[in-house]
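Here are some comments on the model, set out as numbered points. They take up cysteine pairing, confidence and the nonpolar core.

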Amino acid sequence: MSKQERATRTRNALIRSAAGLFEQHGYVQTGLTAISSGAEVSRGALTFHFENKAAVARAVEQSAVHVLRRAARRATLWQGNAVQAMADMSHGFAYLLTEDVVVRAGFRLNCDWAQGEIDLRREWQGCVQSRVTRAAADGALRPDAELEDLVNTVTSATLGMEILGRRDREWLSRRTVTGFWQQMLFAACTEQARAATDPKGGDEVLEQIAEIHRRFAPYIASPESAPDQ
């Protein structure tokens, strides 16, 4: 193994160790010694890669947002139906929160760390906004549907699942997300859009998002080097 490969593995291990500790204990209660111990490296190895705890936290947030962007892009590219893309994206969001400690830690850091440069919740809201706008342009929404209200409803409901899911993972289950979209389809979408949308999410898209999670995990330290999806 080359020196560069060893350095990348060490950086990855530090980010994952930090993510687990940030998620469990929060930013303030997590120390650099615990992060290095969790990665099974020395404190000196940690400071070689990150000058301080804030730098580690920024790396966790950057990794989280990169995974979310890839998953959202995959859901959109796969589906021609904008409403189905929204449903798939929501299921993918819940899956990543369930399976990926870095994504979960990124959202917790957004809550209890004031120095973060990335707002994952605003990032998610932007994803929802773009899909709702596309659904409206495609004529998939009912004439009386208010776009801003719809964006706010989807955003607040899914982010609420993220918060509630910290204590009870059932809030992030496929059943819960499906139930939400069953209600949204009748509340906001045309009959044609309802008929063309599976609120359970598309199996193929969810499998691809799961694959993104599996393949991307080794590359969290250097997102630009990750394989294209």
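1. This is a predicted model, and the cysteines are a convenient place to begin. The sulfur of Cys111 lies 18 Å from the closest cysteine sulfur, that of Cys127, which is too far for a bond. Cys111 itself is partly exposed, its relative accessible area being 48%.

2. For Cys189 the closest cysteine sulfur is again in Cys127, at 18 Å, and that separation is likewise too far for a bond, because a disulfide requires the two sulfur atoms to be within 2.5 Å. Cys189 is buried, with a relative accessible area of 3%. A search of the whole structure accordingly finds 0 disulfides.

3. On confidence, the chain has a mean pLDDT of 88, and 91% of its residues reach 70 or more. Residues 221-229 need separate mention, since pLDDT stays under 50 over this stretch, for which the model nevertheless has 20 contacts beyond four places in sequence. Where pLDDT is low, the predicted coordinates should not be read in detail.

4. Which residues touch the most other members of the largest nonpolar core? In this core of 67 residues, they are Phe22, Ile35, Val60, Val83, Phe107 and Trp181. Helix α4, spanning residues 53-78, gives the most to the core, contributing 13 residues.

5. Phe107, one of those core residues, can be followed further through its contacts. Once its neighbours within four places in sequence are left aside, Phe107 is in contact with Leu68, Phe93, Leu97, Leu120 and Leu159, and also with Arg121, Glu162 and Arg166.

Methods:
Residues are numbered from 1 along each chain as its sequence is written. This is a predicted model: local features need pLDDT of at least 70, side-chain atom pairs count only at pLDDT 80 or more; totals for chains, interfaces and linings use all residues. Side-chain values use heavy atoms; hydrogens and water are left out. Buried means under 20% relative accessible area, exposed over 50%, partly exposed in between (1.4 Å probe, protein chains only). pLDDT is the predictor's confidence in each residue, from 0 to 100. Contact means heavy atoms within 4.5 Å. A nonpolar core is a set of buried Ala, Val, Leu, Ile, Met, Phe, Trp, Tyr and Cys residues joined through side-chain atoms within 4.5 Å. Helices (H or I, at least four residues) and strands (E, at least two) are DSSP runs, numbered from the N terminus.
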